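Work through the following exercises with the chain in view, and try each task before reading its solution.

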Amino acid sequence: EIKSLPTIKRESIEFVRNYNFLPAINRIEFETILSNSDTKQEIKNNIKLYPLLKAEIHNILLEAGFEDIQFYGNFKLAPLTADSQPLIFSATR
């Protein structure tokens, strides 16, 4: 249900990230806009992403021979919850 992530702003650069779920094809449309206020340039990009779920990642890692698979709710390794973003994982081989 995420529609966008916070806009990243650095000096004259702005990076906008929008998401739109397309249930008919089970993809997420990812649209980015990179703007430079100094040069007045704007670069737009659009790509369809596959919404890989935790269970799918877990199965892929097991099939690839990984063990000790751990999932986290952020880069500080907090527990994963239904509201966590992003999905972080670690595994050993």
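Helices (H or I, at least four residues) and strands (E, at least two) are DSSP runs, numbered from the N terminus. The model is a predicted one, in which local features need pLDDT of at least 70 and side-chain atom pairs count only at pLDDT 80 or more, while totals for chains, interfaces and linings use all residues. Residues are numbered from 1 along each chain as its sequence is written, and side-chain values use heavy atoms, with hydrogens and water left out.

**Exercise 1.** Place asparagine 36 in its element, and list what it touches.

*Solution.* Begin with the element: asparagine 36 belongs to strand E3, which covers residues 27–36. Next take its contacts, where contact means heavy atoms within 4.5 Å; leaving aside residues up to four places away in sequence, asparagine 36 touches Ser12, Ile13 and Gln41. Finally, consider polar contacts, each a pair of N or O atoms within 3.5 Å, of which, within protein, one must be able to donate a hydrogen and the other to accept it, with residues adjacent in sequence counting only if both atoms are side-chain atoms. The side chain of asparagine 36 reaches the backbone nitrogen of aspartate 38 at 2.8 Å.

**Exercise 2.** Decide whether serine 12 is buried or exposed, and find its polar partner.

*Solution.* Serine 12 sits in the loop between E1 and E2. Buried means under 20% relative accessible area, exposed over 50%, and partly exposed in between (1.4 Å probe, protein chains only). With a relative accessible area of 17%, serine 12 is therefore buried. Its side chain makes a polar contact with the side chain of aspartate 38 at 3.1 Å, and, not counting residues up to four places away in sequence, serine 12 touches Ser35, Asn36, Ser37 and Asp38.

**Exercise 3.** Examine the backbone at glutamate 11, leucine 77 and proline 86.

*Solution.* As background, most residues other than glycine have a negative phi, and most peptide bonds are trans. Glutamate 11, which is not a glycine, has a positive phi of about 45 degrees; it is placed in the loop between strand E1 (4–10) and E2, and it is exposed, with a relative accessible area of 89%. Leucine 77, also not a glycine, has a positive phi of about 65 degrees; it lies in the loop between E5 and E6 and is partly exposed at 48% relative accessible area. Proline 86 is in the loop between strand E5 (67–72) and strand E6 (88–92), and a cis peptide bond, with omega about 0 degrees, joins glutamine 85 to proline 86.

**Exercise 4.** Describe the overall build of the chain, and explain why it is called more spread out than a compact globule.

*Solution.* First, the protein chain has one helix and six strands, and from the N terminus on its elements run β-β-β-β-α-β-β. The radius of gyration (taken over C-alpha atoms) is 17 Å, well over the 12 Å that the globule rule (2.2 Å times the number of residues to the power 0.38) gives for 93 residues, so the chain is more spread out than a compact globule. The C-alpha atoms fill a box of roughly 50 × 35 × 25 Å, taken along the principal axes. Lastly, 17% of the 93 residues count as buried, and of the contacts between residues at least 6 apart in sequence, 18% join residues at least 24 apart.
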